[in-house]
Amino acid sequence: MIGSLKKYQPLADSRIRPFDEIPGPSGLHQLPYLGLLFQMKPFTKYSKHNMQQRVCSWTKTFGPICKQRLGREWYVFLTDPNDVEKVFRNDRKYPFRGALPLTKVYARRTRESPGLTALNNEEWFVLRKAAQRAILRQKAMNKYLPIISAVADDFVDKFRQEERIDNVLHHLMEFSTEGAGKLCFGVRLGCISKHDQTMQTKTMKHVETFLDCFGNQFYVMPWYKLFRSPFYKKYAKSADYLKSLTEKYIREHKERLQTGAAPELGPSLLSDLLADPQMSTADIQRTLMDVFVGGIDSTASNMTTLFYNLAKNTDKQDRLFEELERSVPKSGPIDDTAIGDLHYLKACIKESLRLVFPVPVGTARSLDKDITLRGFHIPAYTNIVFCSGITCSDSTYFDEPEQYIPERWLRDHDKYTPIHSFAYIPFGHGPRKCIGQTFAETEIRVCTAKILRNFRLTLPEGAHEITYKDKTFRTPVTPVTLLLQER
Ligand code: HEM
């Protein structure tokens, strides 16, 4: 009964207010499972894909701490970075990720491990330690730079003779699938192509379905726990496909190792994990699958927003081009020193992630001890959600929060304002932060640098603002078109 009110024991210290006094939607909204339905259309204006807006409406009404029931469990929502910091400072040795019921049901039915994303405690750490050694450190990532540059060059070449890119997200999904495939398996999947690609399209379709169901597991009635519902079958079909795909690459890599042909593939997470004696083949398979899937939607959605912001703010784009022209070649490898020096590019990326925070609402934790937040007692194992998306659009923490101002991140600029380090955490924080952060940042920097070095981006006349759907990540719904002018 994680986070349940029944767990609550009144405290002796009368200055501390009890958990059930934390404000939040009341009455029918507090019912387990059904309460959430009353939060959505037709009872409110929000659909299940407007999680961030819904939580924002609660925090506006109830303040920087509020609570709501999602499913059976209680969730506490925080917007003040000081409170967020306090929770992180009290986090467990192995930060706990709760509430991934669909992943866990699939693991139980297939008798497989739930994998890096859903595992907890020591079991999680075994997988995490091996994978983060291979891809989270900047030094480890540098060996992937020539590979990422080559994938980005192919992406740029695809648009050489074009005057526009329609549905940018789709093309960036191809780019990020290609990048994640190379990182994980050491192979080029061949997703970036102008021609029909049956196998690649199939992989991308399954990744999309997998992530769709993964994101929806928080919002659907969990009938799949009782029987194999259509929702479950859809998820299981994609999970089965991705499992067999990763198994195929593991098998092929092992064969290459036997024939001495493996080094030809270059570095990959797969080869690093195979060299780790602590990792079983099943562990390697689940870790690869999570990293592969985790690296696609996330990067593609955020880059779509970034390209849109740069096309909309051409003055920022022109300043960025000046920086790129100095050190980035139109094609060919970019080295780590050149990438490290692109300060304005980094600021443009950060600002885009702030303006449209990538994760619906933010990340969450549950502590293994009681804690007091804003004078309220929070029992151990309560789900605590950091509403970073709301903090990032709050003028208390960011001047002119609705504007795209990369300069706010540059120390030598008069727009620079120091921010609370827990006000902006798009990749999470601590030992369980995004394991793909370094790869994502490198991939986004290299691809953006290449695209903007080769093309000037603008929006077509009358282009609409992007609208977003809250899935695992905040994903653009409106297809974005960009006009290209070759540099
Ligand atoms: C802009 C891109 C990305 C964003 C904004 C992002 C964000 C996040 C966040 C917020 C978390 C949860 C962190 C926490 O609980 O503190 C996470 C976890 C994770 N991410 Fe990312 N991510 C991105 C790209 C990637 C990429 C490229 C990969 C793989 C190459 C990846 C793989 C993962 C995995 C496997 C986890 C679970 C880690 C664990 O539980 O140990 N992500 N990501």
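How are helix 15 and helix 19 oriented to each other? They are roughly perpendicular. This report covers that packing, a second helix pair and the ligand site. The model is predicted.

## Helix 15 against helix 19

Helix 15 spans residues 314-327. Its axis and that of helix 19 lie 9 Å apart, at an angle of about 100°. Angles of 65 to 115 degrees count as roughly perpendicular, so helix 15 and helix 19 fall in that class.

Helix 15 brings Gln 317, Leu 320, Phe 321, Leu 324 and Glu 325 to the contact. Helix 19 answers with Ala 449, Leu 452 and Arg 453. By class, this contact has five nonpolar residues, one polar residue and two charged residues.

## Helix 14 against helix 17

Helix 14 covers residues 297-312, and helix 17 covers residues 343-355. They pack with axes 9 Å apart, at an angle of about 110°. Helix 14 and helix 17 are therefore roughly perpendicular as well.

On the helix 14 side, the contact uses Asn 302, Thr 305, Leu 306, Asn 309 and Leu 310. On the helix 17 side, it uses Cys 348, Ile 349, Ser 352, Leu 353 and Leu 355. The tally is six nonpolar and four polar residues. No charged residue takes part in this contact.

## The iron atom

Which protein residue donates to the iron atom of the ligand? Cys 434 does, through its SG atom, 2.3 Å away. Cys 434 is the single donor from the protein.

Cys 434 does not sit in a helix: it lies in the loop between helix 18 (388-391) and helix 19 (437-454).

## The shell around the ligand

The ligand is surrounded by 29 residues. Cys 434 is among the closest, together with Arg 97, Arg 128, Arg 365 and Arg 432. By class, the shell holds 13 nonpolar, 10 polar and six charged residues.

Several helices each supply at least two residues of this shell. They are helix 5 (115-118), helix 6 (121-135), helix 13 (281-294), helix 14 and helix 19. Helix 14 and helix 19 thus appear both in the shell and in the helix pairs above.

## Polar contacts to ligand oxygens

Three side chains are listed here. Arg 365 places a polar side-chain atom 2.8 Å from an oxygen atom of the ligand. For Arg 432, an N or O atom of the side chain is 2.8 Å from a ligand oxygen. For Trp 124, the distance from a side-chain N or O atom to a ligand oxygen is 2.9 Å.

Key. Residues numbered from 1 in each chain as written. Predicted model: local features only at pLDDT ≥ 70, side-chain atom pairs only at ≥ 80, totals over all residues. Heavy atoms only, no water. Donors = N, O, S within 2.8 Å, 3.2 Å for Na, K, Ca; no water. Helix = DSSP H or I, 4+ residues; strand = E, 2+ residues; numbered from the N terminus. Axes fitted to C-alpha atoms, helices over the stretch in contact; angles between N-to-C directions. Parallel < 35°, antiparallel > 145°, perpendicular 65-115°, else oblique. Contact = heavy atoms within 4.5 Å. Nonpolar A, V, L, I, M, F, W, Y, C, P; charged D, E, K, R; others polar. Near = heavy atom within 4 Å. Polar contact = N/O pair within 3.5 Å; in protein donor to acceptor, adjacent residues only side chain to side chain.
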